[in-house]
Number of protein chains: 2
Amino acid sequence: MDQHERILIGDLLRCPQGQVDVSSFDAAATPGARGGRKEAPAQMDELGAELSELQERLFARGRAEPQQARRMLVVLQGLDTAGKGGVVRHTFGLVDPQGIRLKAFKAPTPEELEHDFLWRIRRELPGPGMIGVFDRSHYEDVLAVRVNRLVEESVWRARFETINRFEAELAASGTHVVKCFLNVSKREQKERLAARLEDPAKYWKYSSSDLDTRSHWDGYMDAYGEVLQRTNPDIAPWYVIPADHKWYRNWAVARIMLETLRGMQLTWPPASFDVAEERRRVARS
Amino acid sequence: MDQHERILIGDLLRCPQGQVDVSSFDAAATPGARGGRKEAPAQMDELGAELSELQERLFARGRAEPQQARRMLVVLQGLDTAGKGGVVRHTFGLVDPQGIRLKAFKAPTPEELEHDFLWRIRRELPGPGMIGVFDRSHYEDVLAVRVNRLVEESVWRARFETINRFEAELAASGTHVVKCFLNVSKREQKERLAARLEDPAKYWKYSSSDLDTRSHWDGYMDAYGEVLQRTNPDIAPWYVIPADHKWYRNWAVARIMLETLRGMQLTWPPASFDVAEERRRVARS
């Protein structure tokens, strides 16, 4: 770890406590980055090597002692084009696919709507030693649901407390919850939507409903502001990731994962067998 | 595609029809490889770029036309240490995690045993546009189950036909099934097991039951031989991957995936909206 690496990106990007004005965060900032876009690939490779090793330790512990194994859950939230998919590909693509449990939550199905909003979430929680990644999450039930007035205010407002209890329960059972709000600016979103319409290889990523969501921009900013204020405990912190620069966004999430895994002080599990005896058995085999 | 790339690795490694003697396959061979281990990383990067694009086209098609979308299912089989996990990490790690559905099948649970052997398999089949990867599969029901005499011969023997019908059904519904037998030699397996006992970071990968399986080596070779003979139709072919060299094993599976995807002639889906009109809407937004 060189001098530069002593700067904790998690500290720089941790959402402050108290009232939050989302528009005050600079979506084009690159705090803590050593170089620019050009140096990003080499830095990602470097990060990837350590990330991979720590992820493997987490996984190995999960196999060796499933009853008391830790897990990690990374929640990715952000408006269309903020780059949730890009982070999955470029950041989580750095580590062994076997250790990642990925779930993209869409609009709830009729069956899901028959249950409490956390029902479908609980079914996708990571197992022992796994890193769960949610592309959208239970936060849509206090974001899209609120902005689109799908339930009464008293209903969605009560969910903040429900979510805090849920995440406290996760933390208590050994799940390290990390929440990333990918903060794209309104101007950058427009450019990305326009770019999808210029390239036939990107048409499939475009939906005309994206513009409906965009037309509620201020409503989403208010909703995100309240989410960040009401659901930001130390045991399940929010990070605000500037997302106008893709290279920075991917790198910052990788760094936060790395710092979280380092903090878990993961060691390899001890042998559950007599090593000397097994060496003899292999030699004879 | 340079001259070299015109050699189809799939053709070189396709298991021949008819009776098969597994011991006749050279596990240390490297057919079709341009360089050796040193050149492998650069070649994997090169392959990865095209694999990623084709995988994204498959995925995009799955989104755009789920009712008629194609899928891919890669079955990985092989004895302990053959490198099923290594292929998942290094080969499938080349593409977007969002497009991969990975399932490692363990010994069946009591619930799974209450159902037909294909019940748990069907639940893990890839969705539209996805690449499913099975680390072990329904083939264990004619391999481990046979060698360990868990059911009568008449029961496992009838499964060859059941499997052929099942895979024909998959092919008919648009799933490209690719089956890879990772062929490790008995000598190399011994070295790999011994290596796991020399490195505390690998203890967790070792199980003393691996030696019990190893003690049934000849039984497994016979069982694999019959699998390769009886379940090798063109619509769900078996490839025999020499697996003593890890770099070759990973590269060969990547090449076979690439060749399969190329054969699917995947194009980007057309826009499902009026592009000019949406461009105007974005400009106004």
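Val178(A) belongs to strand S4 of chain A, where strands (E, at least two residues) and helices (H or I, at least four residues) are DSSP runs numbered from the N terminus. The model is a predicted one, in which local features need pLDDT of at least 70 and side-chain atom pairs count only at pLDDT 80 or more, whereas totals for chains, interfaces and linings use all residues. Residues are numbered from 1 along each chain as its sequence is written, chains are lettered from A and ligands numbered from 1 in the order in which they are written, and side-chain values use heavy atoms, with hydrogens and water left out.

With a relative accessibility of 4%, Val178(A) counts as buried, a term that means under 20% relative accessible area, while exposed means over 50% and partly exposed lies in between (1.4 Å probe, protein chains only). Not counting residues up to four places away in sequence, Val178(A) touches Met72(A), Leu73(A), Val74(A), Val75(A), Pro237(A), Tyr239(A), Ile256(A) and Thr260(A), contact meaning heavy atoms within 4.5 Å. From the C-alpha atom of Val178(A) to that of Arg284(A), which is 106 residues away along the chain, the separation is 48 Å.

Val178(A) also takes part in the second largest pocket, which has a volume of about 370 Å³. Of the 18 residues that line this pocket, those closest to its centre are Val178(A), Pro237(A), Tyr239(A), Glu259(A) and Thr260(A). Helix H1 (9–13), strand S4 (175–183) and H11 of chain A each supply at least two residues of the lining, and by class the lining has nine nonpolar, five polar and four charged residues. Here Ala, Val, Leu, Ile, Met, Phe, Trp, Tyr, Cys and Pro count as nonpolar, Asp, Glu, Lys and Arg as charged, and the others, Gly among them, as polar. On a 1 Å grid over the protein atoms alone, a pocket is an open set of points with protein on both sides within 12 Å along at least five of seven lines, a cavity is a set where a 1.4 Å probe fits but cannot get out, and lining residues have an atom within 4 Å of a point. Points are joined across faces, edges and corners, and a volume is the space filled by probe spheres set on them.

One cavity of 30 Å³ or more is counted, and the largest cavity has a volume of about 30 Å³. Its lining consists of Ala33(A), Gly35(A), Gly36(A), Ala40(A), Gln43(A), Trp247(A) and Trp251(A), with helix H2 (40–64) and helix H11 (246–263) of chain A as the elements that give two or more residues to it. The residues of this lining divide into four nonpolar, three polar and no charged.

Helix H11(A) is mostly covered, since 15 of its 18 residues are buried. Its span and that of helix H10 (residues 217–230) of chain A are set out below, the expected value being 1.5 Å times one less than the number of residues.

| Helix | Residues | Expected span | Distance between end C-alpha atoms |
|---|---|---|---|
| H11(A) | 18 residues | 26 Å | 26 Å |
| H10(A) | 14 residues | 20 Å | 20 Å |

The buried residues of H10(A) include Tyr220(A), Ala223(A), Tyr224(A) and Val227(A). Leaving aside neighbours within four places in sequence, Leu143(A) is in contact with Gln77(A), Tyr220(A), Ala223(A), Tyr224(A) and Val227(A). Leu143(A) itself sits in the loop between strand S3 (131–135) and helix H6 (144–147) of chain A, and at 0% relative accessibility it counts as buried.

Gln265(A), which follows H11(A), lies in the loop between H11 and helix H12 (275–284) of chain A. Its phi is near 50°, a positive value in a residue other than glycine, and at 64% relative accessibility Gln265(A) counts as exposed. In chain B, Arg149(B) likewise has a positive phi of about 50° although it is not a glycine, and its relative accessible area of 73% makes it exposed.

Turning to the two chains together, a rotation of 180° with 0.0 Å of shift along its axis superposes chain B on chain A (RMSD 0.0 Å), so the two copies are related as by a two-fold rotation axis. The superposition is by least squares on the C-alpha atoms of residues with pLDDT of at least 70 in both copies. The copies meet through the same surface, because 100% of the interface residues of chain B are also interface residues in chain A. A contact between the chains is made by Phe92(B), which touches Pro97(A) as well as residues of chain B, among them Val74(B), Leu76(B) and Met257(B). Phe92(B) is buried, with a relative accessible area of 1%.
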